[in-house]
Amino acid sequence: MEKHLSQKKKLIRNIKKLGIKNGDTVLVHSNLSNVGFNKIDLKSSINILHNSITSIIGDSGTICVPSFYWEFNKKRIFDLKKSSVTPKIGIYSRYITGLKNSIRSLNPIASISAIGKNAKEICNRKTASAYGIDSPFDVLTKLNAKMLFIGVDLRYMTYVHYVEQMVGVPHRYFKHYKGKIIVNKKNLNLPIIGFVRYLNKNIINDIEGNNRKFSNKKILNKVLHNGKKLYSIKTKTIFDFLKVKLQKDCFYLLKEKPNL
């Protein structure tokens, strides 16, 4: 128990160093197996992370997590309560999505789950668009939410696709998915829109290169925790940075220029 308390105090201290404070809206990307919680079981690791964040942001804060359901591509049914978060997304995302007071957004491929003050605004029932107007990523930008990376690096920043859509890149297109969205046992009749890359044009996201690009700029907060780097960045900060880069080079986030 003393070890758990010590880890919690240390994590709180380092998350605060990343600029997270009371009242913040935070989008959390995480991998708890890579945070350096040695000899602490997974359930306790979840509690340490969750209690650390909630103690910092308080009752007026909001926690968001990716709750993507990539299996929708095959099953074509997205039940907000029954469709489990894709395992690759992480155990903390599954934990938040499973809470009774959690709200989940409507686009299965880019779903976000949230708890707290701004949860209803972020995960509204206005649209099933992945990155369009009133989508979670759009609302998070308007709120100038902060993205927090715990045990993962910036390769996991799905937010970049929102910026690509807003700027307008030629290697992605709008896709209308056929399928059903089930909310409280009722079928919600809204178009499910994604923003996806062409699969036959050799379009490869430069996830490792992008990590270096972001890390080398002063737009990012970094701290070392148990030998692992933790990161945070404001949505508007990365939006403004990428907007300029993509306006000058629309393939900035790719490994190489595709054959379009």
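Is Asn 144 buried, partly exposed or exposed? In this predicted model, Asn 144 has a relative accessible area of 26% and is therefore partly exposed; the views below take up this residue together with other parts of the chain.

**View 1. Asn 144 and Arg 76, two loop residues with positive phi.**
Asn 144 sits in the loop that joins α6 and β7, and its phi is near 50°, a positive value in a residue that is not glycine. Arg 76 occupies the loop between α3 (72-75) and β3 (77-79), where its phi is near 65°, again a positive value in a residue other than glycine. With a relative accessibility of 29%, Arg 76 counts as partly exposed, because the buried class is limited to residues under 20% and the exposed class to those over 50%.

**View 2. Helix α7 and its surroundings.**
Helix α7 is mostly covered, since 7 of its 9 residues are buried. The buried residues are Tyr 159, Val 160, His 161, Tyr 162, Val 163, Glu 164 and Gln 165, and they pack against the helices α6, α8 (207-215) and α9 as well as the strands β7, β8 (172-177) and β11 (192-197). Just after α7 comes Gly 168, which takes a positive phi of about 95°.

**View 3. The packing of α7 on α9.**
Helix α7, formed by residues 159-167, and helix α9, formed by residues 235-248, pack at an angle of about 50°, and their axes are 10 Å apart. The two helices are therefore oblique to each other, and α7 passes α9 in a right-handed crossing. On the α7 side the contact involves Tyr 159, Val 160, Tyr 162, Val 163, Glu 164, Met 166 and Val 167, while α9 contributes Thr 235, Ile 238, Phe 239, Leu 242, Lys 243, Leu 246 and Gln 247. Sorted by character, the residues of this contact comprise 10 nonpolar, 2 polar and 2 charged ones.

**View 4. The largest nonpolar core and Phe 214.**
The largest nonpolar core contains 37 residues, and those with the most contacts inside it are Met 157, Tyr 159, Phe 214, Ile 238 and Leu 242. At least two residues of this core are supplied by each of β5 (112-116), α5 (119-122), α6 (136-142), β7 (146-150), α7, β13 (228-234) and α9, and the largest share, 5 residues, comes from α9. When residues up to four places away in sequence are not counted, Phe 214 touches Leu 154, Met 157, Val 160, Ile 219, Leu 220, Ile 238, Phe 241, Leu 242 and Leu 253. A second core, separate from this one, has 26 residues, including Ile 48, Leu 49, Val 65 and Val 223.

**View 5. Leu 260 in the segment after α9.**
Leu 260 belongs to the segment that follows α9 and, at 48% relative accessibility, counts as partly exposed. Its neighbours within four places in sequence being left aside, Leu 260 is in contact with Pro 170, His 171, Lys 201, Ile 203 and Phe 251. The C-alpha atom of Leu 260 is separated by 9.0 Å from that of Asn 202, although these two residues are 58 residues apart along the chain.

Key
Residues numbered from 1 in each chain as written. Predicted model: local features only at pLDDT ≥ 70, side-chain atom pairs only at ≥ 80, totals over all residues. Heavy atoms only, no water. Axes fitted to C-alpha atoms, helices over the stretch in contact; angles between N-to-C directions. Helix = DSSP H or I, 4+ residues; strand = E, 2+ residues; numbered from the N terminus. Parallel < 35°, antiparallel > 145°, perpendicular 65-115°, else oblique. Left-handed = near helix turned anticlockwise from the far one by under 90°. Contact = heavy atoms within 4.5 Å. Nonpolar A, V, L, I, M, F, W, Y, C, P; charged D, E, K, R; others polar. Core = buried A, V, L, I, M, F, W, Y, C linked by side-chain atoms within 4.5 Å. Buried < 20%, exposed > 50% of the residue type's maximum accessible area, 1.4 Å probe, protein only.
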